[in-house]
Every structure is written in C-alpha cells, then in structure tokens.
Amino acid sequence: MSIDDSNAGACACACSEPPSEAEQFSRLDEVIAEYRNKAGGLIPALQIAQSLFGYLPDTVVNRIAEGFGKTVSEVAGVISFYSFFTRNPRGKYLIRVCLGTACYVRGGKEVLDALKKKLSIDVGETTEDRLFSLEVGRCFGACGMAPVVMVNDETYQRVKPARINELLMQVTADDNESEQGDAQ
Ligand code: FES
C-alpha cells in the first residue's frame, strides 16, 4: 500500500479551499471520539490524522494521546514503529526509492545517492521549498522493472542515476498536466 500525501490537508470535496486549522482539529476530535473505544483504533486514527494534517505534529500527537488516554511517548512509539507515519511535514512530491533486493542490485542505491545530491537532502528530509521529500521503500512489486522509484502514486521504472534531472522534470510536468486536466 502506498500513502499519497500529495493532497494532504486539502479539502476532500471538489472545492480548492483548504480547511482551516480549527476545522482540521474539529475533524480530529470527531476521529478521536469515533476510534478511542475501538480495539486497535489508534492506528486508523493516526492515519486519518496524518491525511488531515499532512503529517503528525506535536499538537496532533498530544491531542490524540489525551483522547485515547495514553501517554505522548506511547503514541510516539506507535508512530515511530510504522514507516508510513511521519512527524515532519512532507513535500508536495514524496519520492520513495526502492531498496529491495532486485532494485538494490540493479542500482537503487546509486539512484538514491543521485537524488540526495540533486535535492541536497537526506532520507526522511524535505527540500526547503517543500516540493520534494525523500524516503526509501523495500519492494513496490515491480522487481522486473528495477530499479523503481515511486513519486506519490506514480511508479517510475528502470530509473538511471544519470537521468534524475529528467525524472524530476517529468514528475512536475505530469503533475501540471493532470492539474490542467482537472481544471478543464
Ligand atoms: S525490489 Fe524494488 S520493486 Fe521489488
């Protein structure tokens, strides 16, 4: 499963207005009320919270801990256990480089190094302009097309370190195209 945070925090309806912070917290309170008495309810509550806010800032973690009657460190422990949760804001484009065996032996590590150098960020970080975040994955189920990179929900196959610039240009161009298509 991949989690697309590219529209995190955006309104779920067709309007372009992002919800206010008060609206986000009001929705969070509803989510807490819905899940706090359910067995295993903490994880779906965290997932929804992350989709609402784009990440899990301290204010949200504190509110969830209080709502679930847990300590902040208990909730933080759950967050750190699952790689799809993040305590840091992510960029518009979440780039995940596969470092599963097939991708690793076919140059996934070199692709990752090229992205780190090009974007001047390390794994788990976001560029200053909040455009790109960089993460790694273990297998995206496309081993025959290794090395594989995922950007949000899009898969890029047989990626070459020397063509990282092209990849980034294609990512932003594909996105601009789909935005224009949506506007028509
Ligand atoms: S190892 Fe990379 S897609 Fe399977």
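**Close-ups of a four-stranded sheet and its helix**

**View 1. Helix α5 lies across part of the sheet.** In this predicted model, α5 (residues 101-119) lies across β1, β2 and β3 and runs at about 145 degrees to β1. The helix isn't straight: look for a kink of about 70 degrees centred on Gly107. Its buried residues are Cys103, Gly108, Val111, Leu112, Ala114, Leu115 and Leu119. Just after α5 comes Ser120, with a positive phi of about 55 degrees.

**View 2. Here's the open sheet, built from four strands.** Read across, the order is β2-β1-β3-β4, with mixed pairing. At the edges sit β2 (132-137) and β4 (154-156), each pairing on one side only. From one strand to the next, the twist averages 25 degrees.

**View 3. Strand β1 is buried along its run.** Six of the six residues of β1 are buried, so the rest of the structure largely encloses this strand. Tyr93, Ile95 and Val97 point one way, while Leu94, Arg96 and Cys98 point the other way.

**View 4. β1 pairs with β2 and with β3.** On the β2 side the strands run parallel, joined by six bridges, and Tyr93 has Phe132 as its bridge partner in β2. With β3 (residues 149-151), β1 (residues 93-98) pairs in the antiparallel sense over three bridges. There, Val97 stands opposite Val149 and Arg96 opposite Met150.

**View 5. One β-α-β unit ties these pieces together.** It's made of β1, α5 and β2, and it's right-handed.

Methods
Residues numbered from 1 in each chain as written. Predicted model: local features only at pLDDT ≥ 70, side-chain atom pairs only at ≥ 80, totals over all residues. Pairing = 2+ DSSP bridges. Helix = DSSP H or I, 4+ residues; strand = E, 2+ residues; numbered from the N terminus. Axes fitted to C-alpha atoms, helices over the stretch in contact; angles between N-to-C directions. Contact = placed C-beta atoms within 7 Å. Bend = angle between axes of the 7 residues up to and from the residue. Buried ≥ 20, exposed ≤ 12 C-beta atoms within 10 Å, placed from the backbone. Right-handed = clockwise from strand over helix to strand, strands pointing away.
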